[in-house]
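Biologist: I would like to learn how to read helix packing and burial in a model like this one. Could you walk me through it, general idea first and then the case at hand?

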Amino acid sequence: DRSGSMDDDKKLTTVKSAAKKLVNTLNGNNSIDVRYNIVEFGGTADPTTNVASSSGWKSSASEAGTSIDNVQIDYDLGGTNYQAGIRVAKQQLNLARTGAQTVVIFFTDGIPTYRLSNPQAERNNSNGWSYYYGAGDHDEKGYNIAAAAAEIKGMYTNRFYAVGQYSKKDEKDGTKNLQTLVDNVNASSKQQYVADNTSQIE
């Protein structure tokens, strides 16, 4: 998640540090041959805008570390589009090595505020304007998480972990959203985890 709120409490910095620690730990295990792929996503009212992207598969810890370092908050794509990130992740999983065990770790700090499908007029509570692919500041009708749930039903992975850290205002809905993703993904092992603060992310 590279949405603007990831700048609060330096969450993105902490997530990147945790990801690099994980990469280094895996790299230190000589009994496994690991490949890495970093998918980043934001969100905007225009569904044709490229709000999610992938580093592509990396075969070394140093390459993965560079890809992690390159993830930056994009204030032009300041919203959160779960569906876009999940769609790119699915595409990359289809390019994984045949027979390889796959693990997906999904991290976000906010509710989904945009989506790619199912246009419905919704009013932004801040500026009063109406948008069709997410209001940009809420998901009161659940359209965005429903789109993400439909998208993730097409994801097949061995393990899936949904991790979040939310403001007190969003914690209840955020926790529910993570569970929705866990309930709909096709994975033999899957669970959600909500961190109370940035230190728990690591």
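Modeller: Gladly! Let us begin with a cut-off: an angle under 35 degrees between helix axes counts as roughly parallel, and one over 145 as roughly antiparallel. Keep in mind that this is a predicted model.

Biologist: How are H3 and H4 oriented to each other, roughly parallel or roughly antiparallel?

Modeller: The axes of H3 and H4 lie 8 Å apart and make an angle of about 10 degrees. H3 and H4 are therefore roughly parallel to each other.

Biologist: Which residues of H3 and H4 meet?

Modeller: From H3 come Tyr82, Gln83, Ile86, Arg87 and Lys90, and they meet Ile145, Ala147, Ala148, Glu151 and Ile152 in H4. Sorted by class, this contact holds six nonpolar, one polar and three charged residues. A general idea helps in reading such lists: an α-helix has 3.6 residues a turn, so residues three or four places apart point the same way.

Biologist: And at what angle do H1 and H2 pack?

Modeller: H1, residues 11-27, packs on H2, residues 61-69, at about 175 degrees, and their axes are 10 Å apart. That makes H1 roughly antiparallel to H2. On the H1 side the contact uses Lys16, Ala19, Lys20, Val23, Asn24 and Asn27, while H2 brings Ala61, Ala64, Gly65, Ile68 and Asp69. The residues of this contact divide into five nonpolar, three polar and three charged.

Biologist: Now burial. How many residues of H3 are buried?

Modeller: The cut-off for buried is a relative accessible area under 20%. In H3, 10 of the 12 residues are buried, so this helix is largely enclosed by the rest of the structure. The buried residues are Tyr82, Gln83, Ala84, Gly85, Ile86, Val88, Ala89, Lys90, Gln92 and Leu93. Their cover includes strands E1 (39-41) and E2 (52-54), together with E3, H4, E6 and H5.

Biologist: What about H4, and what do its buried residues pack against?

Modeller: H4 is mostly covered, with seven of its 10 residues buried. Those are Asn144, Ile145, Ala147, Ala148, Ala149, Glu151 and Ile152. They pack against H3, E6, H5 and E7.

Biologist: Which residues of H5 are buried?

Modeller: In H5 they are Gly174, Asn177, Leu178, Leu181, Val182 and Asn184, and they pack against H3, E3, H4, E6 and E7. For contrast, take Asp173, which is also found in H5: Asp173 is partly exposed, at 43% relative accessible area.

Biologist: How do I check the length of a helix?

Modeller: Compare its end-to-end distance with the span expected at 1.5 Å a residue. For H3 the expected span is 16 Å, and its end C-alpha atoms are 16 Å apart, which agrees. H5, with 14 residues, reaches 20 Å from its first C-alpha to its last, close to the 20 Å expected.

Biologist: How many residues does the largest nonpolar core have?

Modeller: Think of a nonpolar core as buried nonpolar side chains joined through atoms within 4.5 Å. The largest one here has 25 residues, and those with the most contacts inside it are Tyr82, Ile86, Phe106, Ile152, Met155, Phe160 and Leu181. H3, E3, H4, E6, H5 and E7 each supply at least two residues of this core. The largest share, six residues, comes from H3. Apart from this core lies another, of 17 residues, among them Tyr36, Ile38, Ala61 and Ile73.

Biologist: What does Phe160 contact beyond its neighbours within four places in sequence?

Modeller: Its partners include Val104, Phe106, Ile152, Met155, Leu181, Val182 and Val185. Ala187, Ser189, Lys190 and Gln191 are also in contact with Phe160.

Biologist: One last feature: how should I read a positive phi?

Modeller: Most residues other than glycine have a negative phi. Asp9 has a positive phi, near 55 degrees; it lies in the segment before H1 and counts as exposed at 61% relative accessibility. Asn118 also has a positive phi, near 55 degrees. Asn118 lies in the loop between E3 and E4 and is partly exposed, at 38% relative accessibility.

Note on methods:
Residues are numbered from 1 along each chain as its sequence is written. This is a predicted model: local features need pLDDT of at least 70, side-chain atom pairs count only at pLDDT 80 or more; totals for chains, interfaces and linings use all residues. Side-chain values use heavy atoms; hydrogens and water are left out. Axes are lines fitted to C-alpha atoms, for helices over the stretch in contact, and angles run from 0 to 180 degrees between N-to-C directions. Helices (H or I, at least four residues) and strands (E, at least two) are DSSP runs, numbered from the N terminus. Angles under 35 degrees count as roughly parallel, over 145 as roughly antiparallel, 65 to 115 as roughly perpendicular and the rest as oblique. Contact means heavy atoms within 4.5 Å. Ala, Val, Leu, Ile, Met, Phe, Trp, Tyr, Cys and Pro count as nonpolar, Asp, Glu, Lys and Arg as charged, and the others, Gly among them, as polar. Buried means under 20% relative accessible area, exposed over 50%, partly exposed in between (1.4 Å probe, protein chains only). The expected span of a helix is 1.5 Å times one less than its number of residues.
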